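Here are my notes on the model, as numbered points. Please read them with the coordinates open.

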Amino acid sequence: MSVDYSKLSILIVEDDNFTRGLIRKVLKEIGVRSIAEASNGKDGLMEVVRTRPDIVFCDIHMAPMNGKQFLQGVRGIKVKDVDKTPVIFLTGDADLSTVRFAKEHNVNGYLVKPISLAKLRDSIDSVVSSNVGMTQWLTSNP
C-alpha cells in the first residue's frame, strides 16, 4: 500500500510554536500539502469545523482547552462526519490514565514526543489503513 500524502488535509493543534513548526516541516517532507494550525484546543475545534481536515494531530497539555477536552469536543460535535475526524494525540505524556482516556474516547493514534518522520508517517498510514474510504481514496496498489 502506497499512501498519496499530497491528497491529505492535516490540522496541527499544538501550543508550542517550535513543536508545531517541526510537525509542519515533517509533514511537508512526507508530501502533505494542506496543513492548518491552531495553538490551542478551542481554536482547534473551530478549525476542524472550518477546514474539515482528514486527520488532526493534537497535543494533550494546552490551555485554555487541553487535548482531552478537544477530543471530547470533536466526538460530541453535531456536524455530519466531523465527529468521526481521526485524531492522533501528540504528547510527552505516556501516563496510563491518559492512554486509557484516549482509548475510551476513540483516539486514532498516540505519538509520544519527540516525533520523528517515521513515527508520523506510520501513524498516518495506520489511520488510512483502518478507514476503508480513506484507503481507497489515498492509496495505489501497483
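How many salt bridges does the structure hold? The count is 8. Keep in mind that this is a predicted model. The points below start with individual pairs and then turn to the whole chain.

1. **R20 and E37.** These two side chains form a salt bridge, and their closest N and O atoms are 3.0 Å apart. R20 sits in helix α1 (residues 17-30) and E37 in strand β3 (residues 34-38), so the bridge ties together parts that are 17 residues apart in sequence. R20 is buried, at 11% relative accessible area. E37 is partly exposed, at 30%.

2. **R50 and E47.** Here the closest N and O atoms are 2.9 Å apart, again in a salt bridge. Both residues belong to helix α2 (residues 41-51). They are 3 residues apart, about one turn of the helix. Is R50 buried or exposed? R50 counts as exposed, with 61% relative accessibility. E47 falls in the buried class, because its value is 14% and the cut-off for buried is under 20%.

3. **K84 and D83.** The side chains of this pair meet in a salt bridge, with an N to O distance of 3.7 Å. That passes the criterion, because a salt bridge needs the nitrogen within 4 Å of the carboxyl oxygen. K84 is exposed, at 57% relative accessibility. D83 is partly exposed, at 22%.

4. **The E14, D59 and K113 network.** Which residues are linked with D59 in a network of salt bridges? They are E14 and K113. Side chains of opposite charge can pair when their charged atoms come close. D59 lies in strand β4, which covers residues 55-59. D59 counts as buried, with a relative accessibility of 5%.

5. **Surroundings of D59.** Leaving aside residues up to four places away in sequence, D59 touches V13, E14, D15, G67, L90, T91 and K113. Both network partners, E14 and K113, appear in that list.

6. **Annotation at D59.** UniProt lists D59 for "modified residue: 4-aspartylphosphate". The entry is unreviewed. Please quote the annotation as coming from that record.

7. **Secondary structure.** The protein chain has 6 helices and 7 strands. What pattern do they follow along the sequence? The order reads β-β-α-β-α-β-α-β-α-β-α-α-β. The radius of gyration is 14 Å, close to the 14 Å that the globule rule gives for 142 residues, so the chain is as compact as a globular protein of that length.

8. **Overall dimensions and packing.** Along the principal axes, the C-alpha atoms fill a box of roughly 45 × 35 × 30 Å. Of the 142 residues in the protein chain, 45% are buried. Among contacts with a separation of 6 or more, 64% come from residues 24 or more positions apart.

9. **Surface.** What area does the protein chain expose? The value is about 7,200 Å². Carbon and sulfur atoms supply 52% of it.

10. **For the write-up.** Two items should stay together in the text. D59 is buried at 5% relative accessibility, and D59 is linked with E14 and K113 in a network of salt bridges. The R20 and E37 bridge also merits a sentence, with its 3.0 Å distance and its link between helix α1 and strand β3.

Note on methods: Residues numbered from 1 in each chain as written. Predicted model: local features only at pLDDT ≥ 70, side-chain atom pairs only at ≥ 80, totals over all residues. Heavy atoms only, no water. Helix = DSSP H or I, 4+ residues; strand = E, 2+ residues; numbered from the N terminus. Buried < 20%, exposed > 50% of the residue type's maximum accessible area, 1.4 Å probe, protein only. UniProt positions renumbered as here; feature names shortened; annotations may be inferred. Contact = heavy atoms within 4.5 Å. Rg over C-alpha atoms; globule rule 2.2 N^0.38 Å. Areas by Shrake-Rupley, 256 points an atom, 1.4 Å probe, with all protein chains shown as cover.
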